[in-house]
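Me: I am new to this structure and should like to understand how its aromatic rings are described. Please explain the reasoning behind each term.

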Amino acid sequence: MIRRPPRSTLDRSSAASDVYKRQGFNADFRIFFDDDDPLLVAYENMEQEFTHSYTQIFILESDNSDLFNANNLAGIQWFNDQAWRLPFVSRVISIANHQHTTADGDDLWVEDLFDPYDDRDQHYQQRIKNIVLAEPELKDRLINQMGNISLVIAYLNISEQQQDQKPQVMQASRDLAEQFTQRYPSMSIQISGQLAVDANIVEIAERDAVNVELRMFLCLLILLAFFLRSIAAVVAGLIVMLVSVIAATGFLGLVYTDFNGINMSTPYIVYMMAILDCVHILSAYFNRLNEGLSLIHISEPTRLRRISYAVFCVKK
């Protein structure tokens, strides 16, 4: 009978890290709801009955408190045309492509609400403003009552298998917004919508992982060296923290299909638990070492204390 040799802690951590590398990041808002949540069920039923799409909302605001002049109307038209070139776009709505119907006797004329590239006088611009603010489909939906803020809404068809493309779509939206501000400096633009929220969750998690997590890791090592005043203690604490974080995040990848904005906080918790254990054990070790006790006498009370602490946690 051939027995398989037991795996060491480092081997288990290495295997967990391999699982971690294979995981992706899920920015879908559905992770915040239970599968049987009434609101989520109603939303998914609506998507099955009509269509499944994400929205990217661009908020255009005039600096002179009036959108209805030749330059601003041309800017709305230009942005409406360019929004069609965003990835996965299936539909774009704004006041620029709103179909307005007029009656001439027995004839009905359906045409674009305005043509901003034609030179028209202020009376024409005022007429467009009156039509827009009197249209229920546009007022308080694509334009506010004051007439200085307008929306351009892009609908995007992104499937469940293309969730990782959201950051690229968000970057394309930012590039388009930057081009718009350069061409039309009299107008400002903001980005909102469902896709923007999902993409920002990914970006915030990545930024925290680079900035907050790394800085926290370095601060803990500095504090460990300051209080224990031992290079060996710092190295031991570093190894314990690295192995703990890799093993914890790897196990997290086994439990969850993908990482998200909630479970990505696991490294912070593991950091704190690992450093607390290191400080507790090492401080007890150095104190008893200074008292002249041997390694056997030092480890015995520490081991008993850890066992009692584990029993206490299990009871809780």
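**The aromatic cluster**

Reply: In this predicted model, ring pairs join Phe58, Trp78, Phe79, Phe180 and Tyr184 into a cluster.

Me: How many aromatic pairs are counted by this rule?

Reply: The count comes to five aromatic pairs.

Me: Why is the pair of Trp78 and Phe180 called stacked?

Reply: The ring centres of Trp78 and Phe180 are 6.3 Å apart, with 25 degrees between the planes. Rings pair if their centres lie within 6.5 Å, and planes under 30 degrees apart count as stacked, so both conditions are met.

Me: What makes this pair a tie between parts of the chain that are apart in sequence?

Reply: Trp78 belongs to helix H3 (residues 70-83) and Phe180 to helix H5 (residues 166-183), so the pair ties together parts 102 residues apart in sequence.

Me: How do you know whether Trp78 and Phe180 are buried or exposed?

Reply: Buried means under 20% relative accessible area. Trp78 has 11% and is therefore buried; Phe180 has 0% and is therefore buried.

Me: Why is the pair of Trp78 and Tyr184 called tilted?

Reply: Their centres are 6.3 Å apart, and the planes are 55 degrees apart. Stacked requires under 30 degrees and edge-to-face over 60, so this pair counts as tilted. Trp78 lies in helix H3 and Tyr184 in the loop between H5 and strand S6 (187-192), so parts 106 residues apart in sequence are tied together.

Me: What makes Tyr184 count as buried?

Reply: Its relative accessibility is 8%, and the limit is under 20%, so Tyr184 counts as buried.

Methods. Residues are numbered from 1 along each chain as its sequence is written. This is a predicted model: local features need pLDDT of at least 70, side-chain atom pairs count only at pLDDT 80 or more; totals for chains, interfaces and linings use all residues. Side-chain values use heavy atoms; hydrogens and water are left out. Rings of Phe, Tyr and Trp (its six-membered ring) pair if their centres lie within 6.5 Å; planes under 30 degrees apart count as stacked, over 60 as edge-to-face and the rest as tilted. Helices (H or I, at least four residues) and strands (E, at least two) are DSSP runs, numbered from the N terminus. Buried means under 20% relative accessible area, exposed over 50%, partly exposed in between (1.4 Å probe, protein chains only).
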